[in-house]
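User: I have a structure open and would like to go through some of its details with you. Could you help me reason from the coordinates?

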2 protein chains.
Amino acid sequence: VIEKRDDSAGNDPRRETGQSRRTFLTDAVAAGGVAALGFWNTASGAEPEKGAGAVNPRLFTFVGGKVGQWSVVSVKAVIGDPLPGVERLDIVTGAVAALPEGGKWMLRGVTSNDRYVTRDEKDRLIEKQAALGRPEATQMALIPIRKNAKWWALTQDERRALFEEKSKHVTIGLKYLPGVARRLHHCRDLGDSELFDFLTLFDFATTDSKAFDDMVAELRATEEWKFVEREVDIRLVRVS
Amino acid sequence: VIEKRDDSAGNDPRRETGQSRRTFLTDAVAAGGVAALGFWNTASGAEPEKGAGAVNPRLFTFVGGKVGQWSVVSVKAVIGDPLPGVERLDIVTGAVAALPEGGKWMLRGVTSNDRYVTRDEKDRLIEKQAALGRPEATQMALIPIRKNAKWWALTQDERRALFEEKSKHVTIGLKYLPGVARRLHHCRDLGDSELFDFLTLFDFATTDSKAFDDMVAELRATEEWKFVEREVDIRLVRVS
C-alpha cells in the first residue's frame with residue numbers, strides 16, 4: 001500500500017487540521033518558542049507583534065556528527081568541495097541552536113512550494129509517489145547541491161526549459177517512483193548564508209539501491225547539471 | 001540619467017567583483033561574523049565547516065520604531081490584520097539581533113531570483129527600471145503581503161497564468177517605470193516563521209505619488225490579489 005502524499009507543496013501540515021499559521025505562532029509564543037530563539041528583545045519593554053521569530057514549521061536541520069538515527073556509509077564529493085566525514089546523521093524537525101558535541105556540520109533547509117512543475121506533472125507525481133519513512137526504506141541519501149550564479153540569473157522560462165524540456169528532470173524522477181521517495185528542502189533564501197541551495201533527502205529499500213544509483217547518474221548527465229557547482233552525496237542506513 | 005540595474009535576480013553583489021560566496025563566507029568568519037551570530041557552538045571543540053551561519057548577503061531587515069532614515073506617514077491595513085503604527089522605519093542591510101528600544105516590529109526578507117518573469121519581460125524591465133535611492137525619490141512605500149494556502153498549493157504554471165496572463169502584473173508594473181523603483185524581498189522561506197511572504201519596497205519622487213497610487217490600485221483589482229490574505233501599506237518620507 002502506497003501512501004499518496006504531496007510533500008512538495010511545502011504547506012504547513014498544521015493547516016491540514018484547520019489551524020491557521022497565526023494560531024500556531026501564538027501557541028509557539030506561549031510555549032516560549034520565541035524567547036528561546038532570543039530574536040525579540042523583550043527587555044526593551046516593546047510590544048512586538050506576537051509570533052514573529054518562531055521557527056518556520058517547514059524547517060529541517062541535518063546534523064552530521066556522532067548521534068542520530070542514520071549511520072553514515074559514505075560522504076562523497078561529486079562536484080566541488082567535500083564535506084567532512086561523520087559517523088551519524090541526525091535529522092531534526094525545526095532549528096538547532098548550536099552544533100552538538102562531536103558535530104562537524106549542520107545543514108538547514110525548508111520545504112516549499114514547487115518552482116517548476118506543471119499541474120499535469122504534479123498530478124502524475126502525486127499519483128505515483130510515496131512519502132518518506134516507509135518501514136522497508138532502510139537506505140537513505142542526502143544530496144546537498146549548489147547551483148552557480150549563471151543559473152540564478154536565468155529567468156523562470158529559461159530555468160524551466162533547462163529543468164524539464166532539455167533535462168527531463170520530472171520525467172526521470174517519475175520512472176523511479178514509488179521505489180524512491182524524496183523530500184526537497186530549499187536553503188538559498190534562508191536568513192543565514194548556507195553552503196548549498198538545496199538539500200534533497202531520499203529513502204528506499206535495499207532492493208532499490210541500484211535503481212537509485214541509476215537515477216542520480218541519469219540526472220547528473222543532464223544539461224541542468226552543468227549549472228551545479230557543488231554536490232555532495234551522503235549515503236546512510238537506518239540504525240536498527 | 002537612469003541607472004539601469006537588475007536588482008531582482010538577487011545575486012550576491014560580491015559575485016560581480018569576482019569574489020566567490022565561499023571566499024566571502026571565510027572573510028565573514030575572520031571578521032567574527034559567525035561568532036556574533038552564535039550559531040555554532042565553538043566551545044564544543046568541533047570544527048564546523050567555515051562559513052555556515054554567516055548572514056545571507058541578500059538579507060534586509062525593516063525595523064518599525066523610533067529611529068531610522070524614513071519618517072512614517074501612515075500604516076494602513078489593506079487586507080487582514082494591521083501592523084502597529086510607528087514613527088520611523090529603519091532599513092538595515094543584514095540581520096538585526098534584537099528589536100531596539102522603542103521598536104514595535106521587525107520584518108525581514110531576502111532578495112532572490114525571479115519566480116515568474118520570462119526573458120522577454122525581464123529585458124523590458126531592465127531596459128526601463130531604475131534602482132532604489134535616486135536623490136529625487138523622497139517618497140517611499142513598504143508593502144508587506146501574505147498570500148493564502150491556496151496560492152502556495154498551485155503549481156508553477158497555474159501561478160504564472162494568474163500572475164501575468166490573467167492579472168498582467170509585469171505589464172502593469174512596466175507602465176509606471178522608471179518613475180517608481182522597486183525591490184522585492186522574499187520572507188516565506190526564511191528559517192523563522194515570518195508574518196508575511198513578501199516585502200516590496202518602492203521609492204519615487206513626490207511628483208509620482210499619484211502614479212504610485214494608481215499602480216497599487218490596478219494591482220489590487222487583479223485576479224492575483226484574490227489570493228492575498230494580508231496586506232499592509234506603509235507610506236514613508238525621507239528624513240532630510
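User: Which side chain is joined to that of Thr155(B) by a polar contact, and at what distance?

Analyst: Happy to start there, with the reminder that this is a predicted model. Thr155(B) sits in the loop between helix H5 (149-153) and helix H6 (156-166) of chain B. Its side chain makes a polar contact with the side chain of Asp157(B), at 2.6 Å.

User: Is Thr155(B) buried or exposed, and which residues of chain A does Thr155(B) touch?

Analyst: Buried means a relative accessible area under 20%. Thr155(B) has a value of 0%, so it is buried. Leaving aside residues up to four places away in sequence, Thr155(B) touches Val117(A), Thr118(A), Arg119(A) and Lys122(A).

User: Moving on to H6(B), over what arc do its buried residues spread around the axis?

Analyst: The buried residues of H6(B) are Gln156(B), Arg159(B), Arg160(B), Leu162(B), Phe163(B) and Glu164(B). They lie on the same side of H6(B), because the arc they cover around the axis is only 160 degrees.

User: Which helices do those buried residues of H6(B) pack against?

Analyst: Both chains take part here. From chain A there is helix H5 (156-166). From chain B, the buried residues of H6(B) pack against helix H4 (119-128), H5 and helix H7 (169-175).

User: Helix H7 of chain B holds Ile172(B); is Ile172(B) buried or exposed, and which residues does it touch?

Analyst: The relative accessibility of Ile172(B) is 7%, so this residue counts as buried. Not counting residues up to four places away in sequence, Ile172(B) touches Ser167(B), Met215(B), Glu218(B), Leu219(B) and Thr222(B).

User: Now the strands: which residues of E7(B) point the opposite way from Phe198(B), Thr200(B), Phe202(B) and Phe204(B)?

Analyst: In a regular strand, side chains alternate between the two faces of the sheet. Strand E7 (residues 198-204) of chain B is mostly covered, with seven of its seven residues buried. Pointing the other way from the four you name are Leu199(B), Leu201(B) and Asp203(B).

User: In what sense does E7(B) pair with strand E5 (residues 139-147) of chain B and with strand E6 (residues 181-186) of chain B?

Analyst: With E5, E7(B) pairs over seven bridges in the antiparallel sense, and Ala141(B) has Phe202(B) as its bridge partner. In E6, Arg183(B) has Leu201(B) as its bridge partner. The pairing of E6 with E7(B) runs over six bridges, and its sense is antiparallel.

User: How many aromatic pairs does the structure hold over all chains, and what geometry do Trp152(B) and Phe198(B) show?

Analyst: The total over all chains is 12 aromatic pairs. Trp152(B) belongs to helix H5 and Phe198(B) to strand E7 of chain B, so their pair ties together parts that are 46 residues apart in sequence. Both Trp152(B) and Phe198(B) are buried. Their ring centres are 5.9 Å apart and the planes make an angle of 35 degrees, a geometry that counts as tilted.

User: Over which rings do the charged ends of Lys147(B) and Arg183(B) sit?

Analyst: Here are two charges placed over rings. For Lys147(B), the charged end sits 3.8 Å from the ring centre of Trp151(B). Arg183(B), the bridge partner of Leu201(B), has its charged end 3.8 Å from a ring centre too, and that ring belongs to Phe60(B).

Terms used
Residues numbered from 1 in each chain as written. Chains lettered and ligands numbered in written order. Predicted model: local features only at pLDDT ≥ 70, side-chain atom pairs only at ≥ 80, totals over all residues. Heavy atoms only, no water. Buried < 20%, exposed > 50% of the residue type's maximum accessible area, 1.4 Å probe, protein only. Helix = DSSP H or I, 4+ residues; strand = E, 2+ residues; numbered from the N terminus. Pairing = 2+ DSSP bridges. Polar contact = N/O pair within 3.5 Å; in protein donor to acceptor, adjacent residues only side chain to side chain. Contact = heavy atoms within 4.5 Å. Arc of directions from axis to C-beta. Phe/Tyr/Trp six-rings, centres within 6.5 Å; stacked < 30°, edge-to-face > 60°. Lys NZ or Arg CZ within 6 Å of the ring centre and 35° of its normal.
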